[in-house]
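User: Please take a close look at one part of this structure, its buried interior, and describe how the helices and individual side chains take part in it. A single connected account would suit me better than a list.

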Amino acid sequence: MTELGRVYLDTAPLIYYLQKDDNFFEQTRQIFINLRRKNVEFISSDLTIAEYSVHPYREQKFELIRAFDDFLRLADVEIISTNKLIARKAAKIRAKYDKFKPMDSLQLATAVLSCCDTFFTNDKQLRQFDEIKVMTLDDFNF
(Lines give C-alpha, C1' and ligand atoms only; values in the text may rest on other atoms or scores of the structure.)
Protein backbone atom coordinates (compact mmCIF):
# COMPACT_ATOMS: atom_id res chain seq x y z
CA MET A 1 0.00 0.00 0.00
CA THR A 2 1.12 3.54 -0.75
CA GLU A 3 2.40 5.60 2.17
CA LEU A 4 -0.62 7.44 3.47
CA GLY A 5 1.00 10.24 5.51
CA ARG A 6 -1.61 13.00 5.51
CA VAL A 7 -5.13 11.65 4.95
CA TYR A 8 -7.95 14.00 4.10
CA LEU A 9 -11.25 12.84 5.54
CA ASP A 10 -14.26 13.42 3.33
CA THR A 11 -17.62 13.54 5.07
CA ALA A 12 -19.10 10.15 4.12
CA PRO A 13 -16.63 7.94 6.03
CA LEU A 14 -17.18 10.06 9.15
CA ILE A 15 -20.94 9.72 8.82
CA TYR A 16 -20.64 5.95 8.35
CA TYR A 17 -18.46 5.60 11.41
CA LEU A 18 -19.95 8.08 13.86
CA GLN A 19 -23.57 7.48 12.95
CA LYS A 20 -23.02 3.71 12.89
CA ASP A 21 -24.28 3.15 9.36
CA ASP A 22 -25.80 -0.31 8.92
CA ASN A 23 -23.83 -1.04 5.75
CA PHE A 24 -20.47 0.62 6.34
CA PHE A 25 -19.86 1.08 10.08
CA GLU A 26 -17.69 -1.97 10.69
CA GLN A 27 -15.60 -1.41 7.58
CA THR A 28 -14.93 2.25 8.42
CA ARG A 29 -14.21 1.35 12.04
CA GLN A 30 -11.51 -1.09 10.91
CA ILE A 31 -10.06 1.48 8.51
CA PHE A 32 -9.85 4.15 11.22
CA ILE A 33 -8.26 1.70 13.67
CA ASN A 34 -5.63 0.73 11.11
CA LEU A 35 -4.97 4.32 10.03
CA ARG A 36 -4.41 5.33 13.67
CA ARG A 37 -1.95 2.45 14.07
CA LYS A 38 -0.03 3.82 11.09
CA ASN A 39 0.13 7.25 12.76
CA VAL A 40 -1.32 9.09 9.80
CA GLU A 41 -2.24 12.73 10.12
CA PHE A 42 -5.94 13.40 9.62
CA ILE A 43 -7.00 16.55 7.81
CA SER A 44 -10.50 17.80 7.02
CA SER A 45 -12.25 21.12 6.65
CA ASP A 46 -15.00 23.37 7.87
CA LEU A 47 -17.03 22.02 4.95
CA THR A 48 -16.98 18.57 6.54
CA ILE A 49 -18.30 20.06 9.76
CA ALA A 50 -21.14 21.71 7.84
CA GLU A 51 -22.00 18.57 5.84
CA TYR A 52 -21.79 16.17 8.78
CA SER A 53 -23.91 18.33 11.07
CA VAL A 54 -27.02 18.64 8.90
CA HIS A 55 -28.68 15.36 9.91
CA PRO A 56 -27.91 15.64 13.64
CA TYR A 57 -29.30 19.17 13.78
CA ARG A 58 -32.34 18.28 11.69
CA GLU A 59 -33.11 15.29 13.88
CA GLN A 60 -31.99 17.05 17.08
CA LYS A 61 -29.50 14.26 17.75
CA PHE A 62 -26.99 16.41 19.57
CA GLU A 63 -25.11 13.36 20.83
CA LEU A 64 -23.93 12.89 17.20
CA ILE A 65 -22.51 16.42 17.24
CA ARG A 66 -20.71 15.62 20.49
CA ALA A 67 -19.41 12.34 19.03
CA PHE A 68 -18.14 14.22 15.98
CA ASP A 69 -16.40 16.85 18.10
CA ASP A 70 -14.88 14.13 20.29
CA PHE A 71 -13.61 12.27 17.23
CA LEU A 72 -12.00 15.43 15.82
CA ARG A 73 -10.28 16.07 19.15
CA LEU A 74 -9.22 12.50 19.97
CA ALA A 75 -8.00 11.74 16.44
CA ASP A 76 -6.29 15.14 16.36
CA VAL A 77 -7.95 16.07 13.06
CA GLU A 78 -6.60 19.30 11.63
CA ILE A 79 -9.48 21.42 10.35
CA ILE A 80 -8.69 23.68 7.40
CA SER A 81 -10.87 26.71 6.78
CA THR A 82 -11.80 27.34 3.19
CA ASN A 83 -10.64 30.55 1.57
CA LYS A 84 -10.33 32.29 -1.79
CA LEU A 85 -7.33 30.19 -2.86
CA ILE A 86 -9.27 26.98 -2.18
CA ALA A 87 -12.31 28.38 -3.99
CA ARG A 88 -10.22 29.15 -7.09
CA LYS A 89 -8.66 25.69 -7.02
CA ALA A 90 -12.14 24.17 -6.72
CA ALA A 91 -13.27 26.15 -9.76
CA LYS A 92 -10.33 24.76 -11.75
CA ILE A 93 -11.23 21.25 -10.62
CA ARG A 94 -14.86 21.71 -11.70
CA ALA A 95 -13.71 23.14 -15.02
CA LYS A 96 -11.72 19.97 -15.67
CA TYR A 97 -14.17 17.47 -14.11
CA ASP A 98 -17.59 18.82 -15.05
CA LYS A 99 -19.48 16.01 -13.28
CA PHE A 100 -17.96 16.81 -9.88
CA LYS A 101 -20.28 18.55 -7.43
CA PRO A 102 -19.22 21.93 -6.04
CA MET A 103 -18.78 20.60 -2.48
CA ASP A 104 -16.65 17.69 -3.71
CA SER A 105 -14.47 20.08 -5.68
CA LEU A 106 -14.02 22.27 -2.63
CA GLN A 107 -13.09 19.24 -0.52
CA LEU A 108 -10.58 18.03 -3.11
CA ALA A 109 -9.11 21.51 -3.46
CA THR A 110 -8.69 21.73 0.31
CA ALA A 111 -6.94 18.36 0.36
CA VAL A 112 -4.55 19.26 -2.46
CA LEU A 113 -3.67 22.67 -1.07
CA SER A 114 -3.18 21.14 2.40
CA CYS A 115 -0.53 18.80 0.96
CA CYS A 116 -2.48 15.63 1.71
CA ASP A 117 -1.27 12.33 0.28
CA THR A 118 -4.66 10.62 0.24
CA PHE A 119 -8.30 11.66 -0.03
CA PHE A 120 -10.53 9.20 1.88
CA THR A 121 -14.09 9.15 0.55
CA ASN A 122 -16.62 6.66 -0.65
CA ASP A 123 -17.48 8.49 -3.85
CA LYS A 124 -16.04 6.26 -6.55
CA GLN A 125 -16.49 8.97 -9.19
CA LEU A 126 -13.78 11.02 -7.47
CA ARG A 127 -11.18 8.32 -8.21
CA GLN A 128 -10.66 9.90 -11.63
CA PHE A 129 -9.15 12.97 -9.96
CA ASP A 130 -5.43 12.89 -10.78
CA GLU A 131 -3.80 15.36 -8.37
CA ILE A 132 -4.08 13.23 -5.24
CA LYS A 133 -4.64 9.55 -4.48
CA VAL A 134 -8.37 9.04 -3.90
CA MET A 135 -9.30 5.98 -1.87
CA THR A 136 -12.73 4.57 -1.15
CA LEU A 137 -13.66 2.03 1.49
CA ASP A 138 -13.00 -0.81 -0.94
CA ASP A 139 -9.43 0.36 -1.57
CA PHE A 140 -8.18 -0.27 1.95
CA ASN A 141 -6.57 -3.67 2.47
CA PHE A 142 -4.92 -3.94 5.87
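Analyst: The account below begins with the interior as a whole and then turns to helices and single residues.

This is a predicted model, in which local features need a pLDDT of at least 70 and side-chain atom pairs count only at pLDDT 80 or more, whereas totals for chains, interfaces and linings use all residues. Residues are numbered from 1 along each chain as its sequence is written, and side-chain values use heavy atoms, with hydrogens and water left out.

The largest nonpolar core (a set of buried Ala, Val, Leu, Ile, Met, Phe, Trp, Tyr and Cys residues joined through side-chain atoms within 4.5 Å) has 22 residues, and Leu9, Phe42, Phe71 and Phe120 are the ones that touch the most other members. At least two residues of this core are supplied by each of strand E1 (6-9), helix H1 (11-18), helix H2 (25-37) and helix H4 (62-74), with the largest share, 4 residues, coming from H4. Here helices (H or I, at least four residues) and strands (E, at least two) are DSSP runs numbered from the N terminus. Separate from this core is a second one of 18 residues, which includes Ile93, Cys116, Phe119 and Ile132.

With residues up to four places away in sequence left out, Leu9 is in contact (heavy atoms within 4.5 Å) with Leu14, Phe32, Phe42, Ile43, Ser44, Thr48, Phe71, Val77 and Phe120. Several aromatic side chains also meet one another: ring pairs link Tyr17, Phe25, Phe32, Phe42, Phe71, Phe120 and Phe140 into a cluster, and the whole structure holds 13 aromatic pairs. Rings of Phe, Tyr and Trp (its six-membered ring) pair if their centres lie within 6.5 Å, and planes under 30 degrees apart count as stacked, over 60 as edge-to-face and the rest as tilted.

Helix H4 has 13 residues and reaches 18 Å from its first C-alpha to its last, close to the expected 18 Å, a span defined as 1.5 Å times one less than the number of residues. Its buried residues are Leu64, Ile65, Phe68, Phe71 and Leu72, where buried means under 20% relative accessible area, exposed over 50% and partly exposed in between (1.4 Å probe, protein chains only). These residues cover an arc of only 125 degrees around the axis, which puts them on the same side of H4; the arc is that of the directions from the helix axis to the C-beta atoms. That buried set packs against E1, H1, H2, H3 and E3, while the face of H4 turned away from it carries the exposed residues Arg66, Arg73 and Leu74. Just after H4, Asp76 has a positive phi of about 55 degrees.

In H1, the buried residues are Thr11, Pro13, Leu14, Tyr16 and Leu18, and they pack against E1, H2, helix H3 (46-58), H4, H6 and E4. Thr48, which is found in H3, counts as buried at 1% relative accessibility. Beyond four places in sequence, Thr48 touches Tyr8, Leu9, Thr11, Leu14, Phe68 and Gln107.

Helix H5 (residues 84-96) buries Ile86, Lys89, Ala90 and Ile93, and these lie within an arc of 105 degrees seen down its axis, so they line one face of the helix. The buried residues of H5 pack against strand E3 (78-80) and helix H6 (102-113), while Lys84, Arg88, Lys92 and Ala95 are exposed on the other side.

The loop between strand E4 (118-120) and strand E5 (133-135) contains Thr121, which counts as buried at 0% relative accessibility. The side chain of Thr121 makes a polar contact of 2.6 Å with the side chain of Asp10; such a contact is a pair of N or O atoms within 3.5 Å, where within protein one must be able to donate a hydrogen and the other to accept it, and residues adjacent in sequence count only if both atoms are side-chain atoms. Arg127 lies in the loop between E4 and E5 and counts as partly exposed at 36% relative accessibility, and a polar contact of 3.2 Å joins its side chain to that of Asp139.
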